[in-house]
Amino acid sequence: MNDNPKKETQINNPLHGVRLIDMLEYLVNHYGWNSLGAKININSFNNNPSINSSLKFLRKTDWARKKVEDLYIRTKEREG
């Protein structure tokens, strides 16, 4: 019996322990900025992209962060 329900939900969370910077660096290495910008159309991916500017935007913008998280999960699942 698990007395900590939060810990139980984290077991099934594929993003548990994964930092936003790690997700972003993985996606940039996997797709490149051009493909990443085509998949998720945000200025920080398409116009003079950088990790720092993208992180700043993603930390403030929930919908964009969600798209990055979803793409990260789908990409990792395809790798199996």
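**Salt bridges and a helix face: worked exercises**

Three salt bridges is what the count comes to, taking a salt bridge as a side-chain nitrogen of Lys or Arg within 4 Å of a carboxyl oxygen of Asp or Glu. The model is predicted, so to speak of local features takes pLDDT of at least 70 and side-chain atom pairs count only at pLDDT 80 or more, while totals for chains, interfaces and linings use all residues. Residues are numbered from 1 along each chain as its sequence is written, and side-chain values use heavy atoms, with hydrogens and water left out.

**Exercise 1.** Find which residue Asp22 meets in a salt bridge, and say how exposed the partners are.

*Solution.* Step one: look at the side chains. Asp22 pairs with Arg19, N to O at 3.0 Å. Step two: check accessibility, where buried means under 20% relative accessible area, exposed over 50%, and partly exposed in between (1.4 Å probe, protein chains only). Asp22 has 31%, so it is partly exposed. Arg19 has 52%, so it counts as exposed.

**Exercise 2.** Work through the salt bridges of Asp62 and Asp70: who are the partners, and how far along the helix do they sit?

*Solution.* Start with Asp62. Its side chain meets that of Arg65, at 2.5 Å from N to O. Both belong to helix α5 (residues 62–79) and lie three residues apart, about one turn of the helix. Helices here are DSSP runs (H or I, at least four residues; strands are E, at least two), numbered from the N terminus.

Now Asp70. Its partner is Lys66, with the closest N and O atoms 2.9 Å apart. These two are four residues apart in α5, so about one helical turn separates them.

Last step, accessibility. Asp62 is exposed at 54%, and Arg65 is partly exposed at 22%. Asp70, at 27%, is partly exposed, and so is Lys66, at 45%.

**Exercise 3.** Take helix α4 (residues 51–60): work out which residues are buried, why they line one face, and what covers them.

*Solution.* First, pick out the buried ones: Ser54, Leu55 and Leu58. Seen down the axis of α4, the buried residues fall within an arc of 100°, so they line one face of the helix. That arc is taken from the directions from the helix axis to the C-beta atoms.

Next, turn to the other side of α4: Asn52, Lys56 and Lys60 are exposed there.

Finally, the cover: it includes α2 (20–39), α3 (43–46) and α5, with contact meaning heavy atoms within 4.5 Å.
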